[in-house]
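Please open the model in a viewer and keep the selection panel at hand. The stops below are given in the order in which they may be selected.

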Amino acid sequence: MADTKQFGVMIAYSRKQTLRSAVIFVLILAFLGNITLPMRDAENDDDDLTISEYIHPGDKPSPKAYTTLSSFLDFSWESWGKDTTQFETLLPPSEIDFTIEKRLTWDEPDKCDEIFMLMPHLKANHGQGSQLNSYLMASVLATFLGKALVILEPPRSMNNYDTGSQFGCPVDAFEDDSYANVKEDFPDGILRLINHPKWLSHGCAVPTCGGTKDYNGWEELRRQEQTYMRGPPHAFDCMEGDRNIKVIPLGGQDMRDFFINTYRKRMLDRSTPEAKENAYNWATRLGARRRDATHFSNLVSEQEIWDYLTALINRSGLLRFQPWIARDVAEYIKSSNLPLDISYDAIHVRRGDKLISESKGEVNKYWASLGFRSASDHVNYVPFSHYIEQAWDGSDCPVKANGKRKKIRRPKRIVYIATDDPKTVRQEIQQYPHVRGGVTVLNECTKALFIFSPLSEEGASSNSFHISPCRDNICRGDDCFKRYHRNIAAIADLMILTKSAKFVGEFNSNWGRLIRSFRTVLNDNSDIFGNERDDEPPVLVRDTVVAFGPNHPGPVGW
């Protein structure tokens, strides 16, 4: 009886201690008894508690639950949500805080008084990676400045693409089965690809300043901003209804310039109480709980700040694909030879146009390290074998007394390859020894079954992996169905790469940087008992091997 009273006194000591103790106790029960726990009610949630929004049967409070994915499919999600959600995001859906939409409602009358307007069509002739990174950069800037992020696309009469979007047209886009006319209210531009969240837009419509500003008007103001790159962008004042609003219209390159010249330094500043408060508020606008926002406001290392910010964005589920994208990506991935219920690795080999620009210096550096001084003495790309050596060099193989490695049997690795040069990569793979079943022998104790995308299996050329093989950004007459198919294939590759157990690639391309970003997660175990733990990093990055080039992708959306 005395023990019962003592326990009652302990759990009633304070509300915070009570909640923390209860969560810890239930976590232990979940682990030992394999029980199913319901989601916490967001309306009654305590800000001090930042344990993952979803706790599932058999989950262990260990970093391994976050750093290693056992398969493409998130099996802990099956009892919580729809199967299509698995294909709406680049993350396992159980790691996303779906309560943010309820917590960040933006019901205030002044919610649309400050607007950051993204005009993404200026990057419409770029690849998916570049456009998605641009969207992430806009989200970062808008939340840092405390503004609603509104997206403005040109009217279809001014659009370079017949059906209104560089991402092609799903069957849903048309009025009827004749596929002749696109629905008037069907999303155009990048909004045909992504589902822009209300908590980020504040539910604001594109402003017209009382009917005085259309696309051309905003474009004119955007161009004027290009002359002010040394300072913060100017906000345009106008009346929208009965409210005075301020609007900053920017395109993709404009944002990067303003970020470098003005905002990067401010985002990294933690030198004063005011700067820390700004960082704290920034994090909360991305849906961070009190503990996570506080931790973010105290970070000083640039790399740690970018990684933590990336992890906050991932927890928020900011990047979500439209339902038709998720549906068709699911169908495409399921048509591949990739098993979705077991662990697999992935390699991204980016060549093509990157060899002319971003990767050229790193390629020359690689060959110079091997003694080649002239570009005419070697191929203009880093060979596939180098990717393999960085990830599976055989150093984990047992060594005999004579110094030679023992040949041991291990289960073959399933390795998915995403590349814009499938023909050459296949030829390079043929240089390795092979055994039955098309399995490639990488070293004494590592074998791999390489799987290419269905588009590669169809014998597509390298140009077929780009959504915009158009000259001078004029794509009228381009088959929108083929464009959409290429888009689906690319997003499927992106999703497979981000959800792999091990990823091998580089950060010279937008894709490589984007993939690494979505392999970054908050580590709830770093202070699950209410105190910081030195043995637990606040951010975890899933197993990522950099084949060559820089070891960090830089700021979010770069």
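Select Arg327 in this predicted model. Because its relative accessible area is 34%, Arg327 is partly exposed. Add Asp172 to the selection: the two residues form a salt bridge, with the closest N and O atoms 2.7 Å apart. The pair links distant parts of the chain, as Asp172 belongs to the loop between β2 and α6, Arg327 belongs to helix α12 (residues 323–334), and 155 residues separate them. Asp172 is likewise partly exposed, at a relative accessible area of 22%.

Remain in the loop between β2 and α6 and select Val171, which lies there. With 46% relative accessibility, Val171 counts as partly exposed. Display Tyr179 and Phe481 as well; together with Val171 they form a nonpolar patch on the surface, with about 260 Å² of accessible area in total.

Next, select Asp177, also placed in the loop between β2 (148–151) and α6 (198–201). Is Asp177 buried or exposed? Asp177 is exposed, its relative accessible area being 70%. Extend the selection to Glu175, Asp176, Glu184 and Asp185, which form a negative surface patch with Asp177.

For a patch of positive charge, select Lys400, Lys404, Lys406 and Lys407 on the surface. Lys406 is found in the loop between α14 (384–391) and β6, and at 38% relative accessibility Lys406 counts as partly exposed.

Return now to the salt bridges, of which the model has 24. Select Asp97 and Arg289, whose closest N and O atoms are 3.7 Å apart in a salt bridge. This pair also joins distant parts of the chain: Asp97 is in the loop between α3 (64–67) and α4 (100–103), Arg289 is in the loop between α9 (273–285) and α10 (290–298), and the two are 192 residues apart. Asp97 is buried, with a relative accessible area of 3%, and Arg289 is buried at 5%.

Proceed to helix α7 (residues 215–225), where Glu219 and Arg222 are 3 residues apart and therefore separated by about one helical turn. Their side chains meet in a salt bridge of 2.9 Å, N to O, and both residues are buried. Add Arg223 and Asp254 to display the network of salt bridges that links them with Glu219 and Arg222.

Select Leu312 in helix α11 (residues 302–316). Leu312 is buried, with a relative accessible area of 2%. Its C-alpha atom is separated by 7.6 Å from that of Gly287, a residue 25 positions away along the chain.

The final stop is the sheet. Which order do its 7 strands follow? The open sheet runs β7-β8-β9-β6-β5-β10-β13, with mixed pairing. β7 (434–435) and β13 (544–546) are at the edges and have a single partner strand each, so one side of each has no neighbour in the sheet.

Centre the view on strand β6 (residues 413–419), which is mostly covered, with 6 of its 7 residues buried. Strand β5 (residues 345–349) runs parallel to β6 and is joined to it by 5 bridges; here Val349 stands opposite Thr419 of β6. Strand β9 (residues 446–452) also pairs with β6 in the parallel sense, over 5 bridges. To inspect this pairing, select Ile414 with its bridge partner Leu449 in β9, then Val415 with its partner Phe450 in β9.

Conventions: Residues numbered from 1 in each chain as written. Predicted model: local features only at pLDDT ≥ 70, side-chain atom pairs only at ≥ 80, totals over all residues. Heavy atoms only, no water. Patch = residues over 30% accessible without salt bridge, like charges linked within 9 Å, V, L, I, M, F, W, Y side chains within 5 Å. Areas by Shrake-Rupley, 256 points an atom, 1.4 Å probe, with all protein chains shown as cover. Salt bridge = Lys/Arg side-chain N within 4 Å of Asp/Glu carboxyl O. Lys, Arg positive; Asp, Glu negative; His and termini not counted. Charge placed at Lys NZ, Arg CZ, Asp CG, Glu CD. Helix = DSSP H or I, 4+ residues; strand = E, 2+ residues; numbered from the N terminus. Buried < 20%, exposed > 50% of the residue type's maximum accessible area, 1.4 Å probe, protein only. Pairing = 2+ DSSP bridges.
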